[in-house]
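I opened this notebook to keep track of what I looked up in the model, entry by entry. I begin with enclosed space and then turn to strands, charged pairs and the surface.

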Amino acid sequence: MIKYPVIIAGAGIGHMDHVSIGVLREIQSADCIIYDRLMDQRLLDFAPHAETIDAGKKKDLHKIPQDDINALLVEKYLEGKRVLRLKGGDPYVFGRGGEEALYLKERDIPFTVYPGITSGVAVPALAGIPVTFRDTARAVTFLTAFSKDGPEDVKAYAALPSTLVIYMGLSRSQAIAHSLIDGGKNEDTPMAILSKGGTEDMRSFCSTLKDVAENGIPDTLVSPSIIVVGDVVSLHKDLIPSPHCKGNIVLTFEDKQHRVSRRLEKEGYRVHNRPMIEIIPVDEEKLFLATKDFTADLVVLTSKNAVHYFLRSFIINRDIRDLKDVDFYTVGKKTDEALASYGIRSKGHPDIYDGKHLAKLLEKEYKGKHPTIFYPHSKKSDPTLGKVLAAIGNVVDLAVYDAADPGRGSDLPEGVNAVLFGSSSSVTNFFRHYRNNDVKDALFFAIGPSTKRTLLDHAIEDNKIYMAEKATFDSLCQSVVKELHHANAQNQK
């Protein structure tokens, strides 16, 4: 059995754009990825067939203890898998990557290290703070606010002339300011707390040791955060990066292939992901039995999720060649593509990608033929198609997944220009967690008529709602770019 070296790699900070090409290649070729919390989870989409194990740690909550992570690395290596240990930032900077490498070395297991961009350098830079600057700071000291024995006493570092970069210190910000002042640091020394660096939700708070010691920090700063203490902090106003940004766009759906966010980012917009739908299976046992006894002449599929749930269950029970004489119809091009990934071609889809027009097409094709129809769909599907199918044949009508509410995400950015919705459920969930006033100046983009109707039901004015020409995310992007360009041109007059 071929055994591959274990890869210990850094995923950089915040957005997945901060990962190196070498690490991305290792993600794409990995058989098993043991990953941490502080990384862009979308990186895992580049390894759709790999086994993924969440070993993320939060304060006082370790999903997998460190000893068990070490053992997992060995176990998966001995199975002959390409094992990737993917850690946020750099694996050797306060990341226990060195401990894991030593554990492998002691057991004669080969390993390779891919460095990553560490937050202690990158996050300050993104906030306009260079950690070194000629004649201001000729050295930098990295330290952590906590050791394995508890809070770290930072008083001794007050005498250092270097910039201090403190990891994992958010909850101790005020205590750290007190300790440095007590250690002799000038109370007017600039101090910055940088929250969620490298993401679209990055927040910066720049003050002084004295102010933080007396008044604490704003509640809007959340973990993960970096603290920077030193004169270089005063440069932030002059050096804050000024990326070309036309505005803020909020996505309320999962953009797993990054098509929407990439397209809009290329146009100069900042994209904020606030998924308002979590896809969960429904009646898995019922679907399992239905595919086991499958005898249909026609399968009707109205989404990529329906394709995947149906065919994954079918393949477990049957040979996919049992479908060779079955007709498949889909709601649109993207569902066609999902079906084609299993080696199956659809017989067609309507010109307008929605359930009502698919119903008209099937009524025309099958009326009077009385086929046996298998119709796996969302629990929240428009009932129109199901009624038409029941009228033209004997239908197995089966809800196989549901669009659940994942809960509120982070606060919305200030000045939202557009919010994109891919379903009625995403509209309902969005306004359950956010107020109309949070997006009072935004335009709203709906994937189709039912989504638009739900926006109207939530008191969104009709003249602020735009629909995609076709019910696809590519078409939705085209509509966004067109209408925001028009709105910006009007504002500049």
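Entry 1, the cavity. I searched this predicted model for enclosed space and found 1 cavity of 30 Å³ or more. The largest cavity holds about 30 Å³ of space, and I listed its lining as His 15, Arg 42, Glu 200, Ser 261, Glu 265, Val 271 and Asn 273. When I sorted that lining by element, helix H8 (259–266) and E16 each turned out to supply at least two residues.

Entry 2, the second largest pocket. I noted a volume of about 1,100 Å³ for the second largest pocket, which is lined by 34 residues, the closest to its centre being Thr 199, Glu 200, Asp 201, Met 202 and Arg 270. The elements that give two or more residues to this lining are strand E13 (203–208) and strand E16 (269–273), and E16 gives the most, with 4 residues. I marked Glu 200 in particular, since this residue lines the largest cavity and is also listed among the residues closest to the centre of the second largest pocket.

Entry 3, the chain as a whole. For context I recorded that the protein chain has 16 helices and 24 strands, and that 47% of its 493 residues count as buried. Along the principal axes, the C-alpha trace spans about 90 × 70 × 30 Å.

Entry 4, strand E2. I then followed strand E2 (residues 32–35), where Cys 32 and Ile 34 point one way and Ile 33 and Tyr 35 the other way, with all of them buried. This is the pattern I looked for because side chains in a regular strand alternate between the two faces of the sheet. E2 pairs in the parallel sense with strand E3 (residues 51–54) over 4 bridges, and Tyr 35 has Asp 54 as its bridge partner in E3. E2 also pairs in the parallel sense with E6, again over 4 bridges, and there the bridge partner of Ile 34 is Arg 85.

Entry 5, salt bridges. I counted 24 salt bridges in the structure and looked at three of them.

In the pair of Lys 87 and Glu 100, the closest N and O atoms are 3.4 Å apart; the pair links distant parts of the chain, with Lys 87 in strand E6 and Glu 100 in helix H3, 13 residues apart. Lys 87 is buried, with a relative accessible area of 2%, and Glu 100 counts as buried too, at 0% relative accessibility.

Arg 321 and Asp 319 meet in a salt bridge at 2.6 Å, N to O, and here Arg 321 is exposed at 62%, whereas Asp 319 is partly exposed at 31%.

Lys 452 and Asp 462 meet at 3.3 Å, N to O, joining helix H15 (residues 449–457) to the loop between H15 and strand E24 (465–467), 10 residues apart. Lys 452, at 22%, is partly exposed, and so is Asp 462, at 44%. I also noted that salt bridges sharing partners join Asp 36, Arg 85, Lys 87 and Glu 100 into one network.

Entry 6, a surface patch. Which residues make the nonpolar surface patch of about 350 Å²? I found Phe 94, Val 121, Phe 142 and Met 168. Phe 94 sits in the loop between strand E6 (83–87) and helix H3 (97–106), and its 40% relative accessibility makes it partly exposed.

Terms used. Residues numbered from 1 in each chain as written. Predicted model: local features only at pLDDT ≥ 70, side-chain atom pairs only at ≥ 80, totals over all residues. Heavy atoms only, no water. Patch = residues over 30% accessible without salt bridge, like charges linked within 9 Å, V, L, I, M, F, W, Y side chains within 5 Å. Areas by Shrake-Rupley, 256 points an atom, 1.4 Å probe, with all protein chains shown as cover. Salt bridge = Lys/Arg side-chain N within 4 Å of Asp/Glu carboxyl O. Buried < 20%, exposed > 50% of the residue type's maximum accessible area, 1.4 Å probe, protein only. Pairing = 2+ DSSP bridges. 1 Å grid on protein atoms, 1.4 Å probe; cavity = no way out; pocket = protein on both sides within 12 Å on 5 of 7 lines; lining within 4 Å. Points joined across faces, edges and corners; volume = space filled by probe spheres on them.
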